[in-house]
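Visitor: I would like a close look at a single part of this model. Please pick one strand and work outwards from there.

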Amino acid sequence: MLVSDRVQQLLTQERTLLADVQALLSRCGAPEEVQGHARQALSALDETFLLVVVGEFNAGKSSFVNALLGTAALPEGVTPTTDRIYVLVNGERAGEMQPTADPFVSRLTHPLPGLEGVALVDTPGTNAIIRQHQALTEGFLPRADLVLFLTSADRPFTESERQFLELAAKWGRSVVMVVNKADLLETAEQREQVREHVEKGARGVLGLNPPVFLVSARGEQRGGDAGFAALRDALSRRLSETERTRLKLQGPLNTAAELLDGEVRRTHAARETLSADLEILRDLEAQRVRHGESMLGELDGQLNRVGRLLGEFEMRADRFIDQKLRFSNVRGLMNGRELEEQFRAEAVAELPDAIDRQFSHMIDRFVEANLHFWEDVQAFLIRRQPSQDVARTRFSYDRAALLEGIAGSAREHLETTTEQGLARELSRDAEDSMKGMIGGLAGGMGLGVGIGALVGASALDFTGGILAGLTLGSLGLFVLPNKRLAAHRQLRARVEELREALERIVRREYEREQERADARLRDAISPYTRFTAQEEERLAAAEASLGELQARLQALRTQVAELQGEPEPAVTPAPAQPIS
């Protein structure tokens, strides 16, 4: 490639752009194959111009190349004779083999009249029995600067050829269509039908009308072929210094465009996945809120039941006071111990046991609500696990691991938190609360005895205080009614104190359990929350970089396209690296 000052400037810009594309793909964790294409696009700027011949295995590619060169440079046959990529470069000694880094690429020197400065590449056939041959050809295609797409006149533009041409279009390669074995077409009408068929097929894939040449390699080797003469004339124009420079610059840019488009697609897919992740977090938060609302509903129900028990006790105590604090019961009022025993039997009655049962029921509901919550979380996460059909990128692996971490936390909680263990924990909390609020009368008793004993002791304590001053010497006609009213007032006050104390216990235990559930969920999802936040930042940065690179790419492609039709650049030879 001959380099003018402007071309040198474009080369510098293109190298910088391709290096930036390569760096972006690396940061984004693109597949290694994609990053390899980026590296290759950058190195292609320093390689010899590649004129690559592709086609199905029996389209006569080797015969075509030999006819184009006017000599038997490559083996020919009716079976797939090309099992590797042959790169022919201009040299005085024909057939001299030169080593390459790729064991499937053979570099041969051969005189290439009219193709100086060009490497002519013969590839294994596509749609061959040996799949490795097609893989070699497909892998080399992104390196091509100009593609000679060979089809055969006896079966022009087959379905497999259409698919391969789509690959060339994907990489933005410039294509010349060549129909070999045109000598099999006996009439001008047949030749025109084949030309139109190939043009229509290529136009449908490439979106433009590539030049189509009907040639006969056999006719050229036997004395000359008009189709070959027209093809050579067209190649001479396409391989002029200006056009060759434009194609050399254009190829890597087209590769970069495909790589950036691919990264846009991957980023878009990651954005959709991130939206699903954020929905997962919202759903988990909604489950947490529903759990809290369920707990509050249980709280109201528990408090109502405790209130009913105390209300029933208060009614019994009222009846006891009205029945016992009267003149007709003077004898009974003289015996304080007996009076207290009667109060225990008639007023307190089953209150301690009923309170104990209610607190046990409260604990059962704690356990049930807590375990149901984690069962719901686990079932939800199982449903939202990534599909096995999703491409396994680093992102999908990290995401799946974090989701499994949350599900594992739920599973571990369900496995290690037994009903008995949680009940013991809640029992200790309730007992400690009762001790602090009512006076530490339970000693070291557990919940099953302590709460009831404390309630019973508290009731006896304030009732005993009411009855203790009722001695025979203090009774009088007007004193006893006053004592009875005072007893009712004190009963109301002490029952309200007891109700408030028990409500504080129940409310505090529900709030504690809600806090525990919230804390467990936060701990479980915090790595996932951090991951989604980091992924949001990464995607935003990637999207901004992609937009900036695509804008630079488009501007550079426009400048390269403007090279067409310029006068020949000043001769400043740029060294070309050999094909590896």
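**Strand E7 and its surroundings**

Guide: Start with the chain as a whole. Among contacts between residues at least 6 apart in sequence, 77% join residues at least 24 apart. The model is predicted. The protein chain has 580 residues, and 48% of them count as buried. Its secondary structure comprises 16 helices and eight strands.

Now the sheet. Eight strands form an open sheet with mixed pairing, in the order E3-E4-E2-E5-E1-E6-E7-E8. E3 (96-98) and E8 stand at the edges with a single partner strand each, so one side of each has no neighbour in the sheet. From one strand to the next, the twist averages 25 degrees. One antiparallel pairing is that of E2 (residues 85-90) with E5 (residues 118-122), joined by three bridges. There, Leu88 has Leu120 in E5 as its bridge partner.

Strand E7 covers residues 175-180, and six of its six residues are buried, so the rest of the structure largely encloses this strand. In a regular strand, side chains alternate between the two faces of the sheet. In E7, Val175, Met177 and Val179 point one way. Val176, Val178 and Asn180 point the other way. Both sets are buried, Asn180 included.

Take the two neighbours of E7 in turn. On one side is E6 (residues 146-152), which runs parallel to E7 and is joined to it by six bridges. Phe149 stands opposite Met177 in this pairing. On the other side is E8 (residues 212-214), also parallel to E7, with three bridges between them. Met177 serves here too: its bridge partner in E8 is Val212. Met177 is thus a useful place to centre the view.

Next, the connections. E6 leads through helix H5 (residues 159-170) to E7, and the three make a right-handed β-α-β unit. E7 then leads through helix H6 (residues 188-206) to E8, in another right-handed β-α-β unit.

H5 deserves a closer look. This helix packs on the sheet, where it touches E1 (49-55), E6 and E7. Its direction makes about 175 degrees with that of E6. What ties H5 to E6 through side chains? One link is aromatic. The count of aromatic pairs comes to two. Phe149 and Phe164 form a tilted pair, with 6.1 Å centre to centre and 40 degrees between the planes. Phe149 lies in E6 and Phe164 in H5, so the pair ties together parts that are 15 residues apart in sequence. Both rings belong to buried residues: Phe149 has a relative accessible area of 1%, and Phe164 has 3% relative accessibility. Phe149 therefore appears twice in this account, opposite Met177 and paired with Phe164.

Now the loops at the two crossovers. Most residues other than glycine have a negative phi. Two loop residues here depart from that. Phe157 sits in the loop between E6 and H5. Its phi is positive, near 55 degrees, and it is not a glycine. At 10% relative accessibility, Phe157 counts as buried. Lys181 is in the loop between E7 and H6. Lys181 is not a glycine either, yet its phi is positive, about 65 degrees. With 25% relative accessibility, Lys181 counts as partly exposed. Asn180, by contrast, belongs to E7 and is buried.

Two further stops lie elsewhere in the chain. Helix H1 (residues 5-27) has 23 residues, which at 1.5 Å a residue should span 33 Å; the end C-alpha atoms are 33 Å apart, in agreement. Its buried residues include Val7, Leu10, Leu11 and Leu17, with Glu14 also among them. Gly29 follows H1 and has a positive phi, near 70 degrees.

His37 is in helix H2 (residues 32-44). At 15% relative accessibility, His37 counts as buried. Leaving aside neighbours within four places in sequence, His37 is in contact with Pro142, Trp171, Thr255 and Leu259.

Back to E7 to finish. This strand has E6 and E8 as parallel partners. It takes part in two right-handed β-α-β units, one with E6 and H5, the other with H6 and E8. Its six residues are buried.

Key
Residues numbered from 1 in each chain as written. Predicted model: local features only at pLDDT ≥ 70, side-chain atom pairs only at ≥ 80, totals over all residues. Heavy atoms only, no water. Buried < 20%, exposed > 50% of the residue type's maximum accessible area, 1.4 Å probe, protein only. Helix = DSSP H or I, 4+ residues; strand = E, 2+ residues; numbered from the N terminus. Pairing = 2+ DSSP bridges. Right-handed = clockwise from strand over helix to strand, strands pointing away. Phe/Tyr/Trp six-rings, centres within 6.5 Å; stacked < 30°, edge-to-face > 60°. Expected span 1.5 Å × (residues − 1). Axes fitted to C-alpha atoms, helices over the stretch in contact; angles between N-to-C directions. Contact = heavy atoms within 4.5 Å.
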